[in-house]
Amino acid sequence: MARELHDLVANHFSAIAIQSAGVLSRSDLEPRAVQAILESIRENSVQGMAEMRAMIGLLRAEMPDQDEPTRRRLADAGDLIERSGLRATLTVNGSARDLPAAVDLAAYRILLESLTNALKHGTAPADVTLDYGPNMVIVTVDNPVGDHHPILPGAGAGLVGMRERATLIGGAFEAGPYQNGWRVRAELPLPEETP
């Protein structure tokens, strides 16, 4: 629950803070650009509140009601990138498919945290690659970084949380400098299908 709470707060609210700071620091934005950013801020706040309500319901051990949002899936990566406000390209190798719930949640949260870090520290569009193999799904996020100071400081808990998520399901995780930027890569094993 602590990991879920961190991811929820760090990702949604970091995106809101970064996008707000961006709008406030620019007086030359066209009204359409401001409108698009404000719509993204609103979407992030609505999604964050919905996920917070669902988590509070779990903590209270209540039965989820029918209005509870459906679980986030790696297949929603395109929507996630769009909502994040980050400029990024998405490449999907292999056939995207339903994943076991534990793998799906880990992959989604790792991607979400990676996008948040790229938004905080990156200097150019990120490259997101999802590789669906027969026995594994691999999430890779590459983003250029510069010498600028991030809008929001990081505490390093995001990297720890991503590593824990991958390890808990028997996967591998690495994050660090790569070429002219930073790479996050998670290899998440898929259970063997029984005939």
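This short talk goes through the sheet, two helices packed on it, and one salt bridge in a predicted model.

I'll start with the sheet. Five strands make up an open sheet with mixed pairing, and their order is 1-2-3-5-4. Strand 1, residues 88-93, and strand 4, residues 172-178, are the edge strands, each pairing on one side only. On average, neighbouring strands in this sheet are turned by 10° against each other, with direction ignored.

Now the edge at strand 4. Its pairing with strand 5, residues 181-189, is antiparallel and runs over 7 bridges. Two of the partners can be named here. Pro 177 has Trp 182 in strand 5 as its bridge partner, and Gly 176 has Arg 183, also in strand 5. What links strand 4 and strand 5? The two form a hairpin with 2 residues between them. In that turn, Gln 179 has a positive phi of about 50°.

Next, the helices on the sheet. Helix 4, residues 101-121, packs on the sheet and touches strand 2, strand 3 (136-144) and strand 5. The direction of helix 4 makes about 175° with that of strand 5. Helix 3, residues 77-84, also packs on the sheet, where it touches strand 1 and strand 2, the latter spanning 126-132. The angle between the directions of helix 3 and strand 1 is about 170°.

How do these two helices lie against each other, parallel or perpendicular? Their axes come within 11 Å and cross at roughly 25°. An angle under 35 degrees counts as roughly parallel, and helix 3 and helix 4 are therefore roughly parallel to each other. The crossing of helix 3 past helix 4 is right-handed.

As for the residues involved, helix 3 brings Ala 77, Leu 80, Ile 81, Arg 83 and Ser 84. On the helix 4 side they meet Tyr 108, Leu 111, Leu 112, Leu 115 and Leu 119. Sorted by class, this contact has 8 nonpolar residues, 1 polar and 1 charged.

Last, the salt bridges. Searching the whole structure gives 3 of them. In one, the side chains of Asp 98 and Arg 73 meet, at 3.0 Å from N to O. This pair links distant parts of the chain, 25 residues apart. Asp 98 is in the loop between strand 1 and helix 4, while Arg 73 is in the loop between helix 2 (31-59) and helix 3.

Note on methods: Residues are numbered from 1 along each chain as its sequence is written. This is a predicted model: local features need pLDDT of at least 70, side-chain atom pairs count only at pLDDT 80 or more; totals for chains, interfaces and linings use all residues. Side-chain values use heavy atoms; hydrogens and water are left out. Axes are lines fitted to C-alpha atoms, for helices over the stretch in contact, and angles run from 0 to 180 degrees between N-to-C directions. Helices (H or I, at least four residues) and strands (E, at least two) are DSSP runs, numbered from the N terminus. Angles under 35 degrees count as roughly parallel, over 145 as roughly antiparallel, 65 to 115 as roughly perpendicular and the rest as oblique. A crossing is left-handed if the near helix is turned anticlockwise from the far one by less than a right angle, and right-handed if clockwise. Contact means heavy atoms within 4.5 Å. Ala, Val, Leu, Ile, Met, Phe, Trp, Tyr, Cys and Pro count as nonpolar, Asp, Glu, Lys and Arg as charged, and the others, Gly among them, as polar. Two strands pair if DSSP finds at least two bridges between them. A salt bridge is a side-chain nitrogen of Lys or Arg within 4 Å of a carboxyl oxygen of Asp or Glu.
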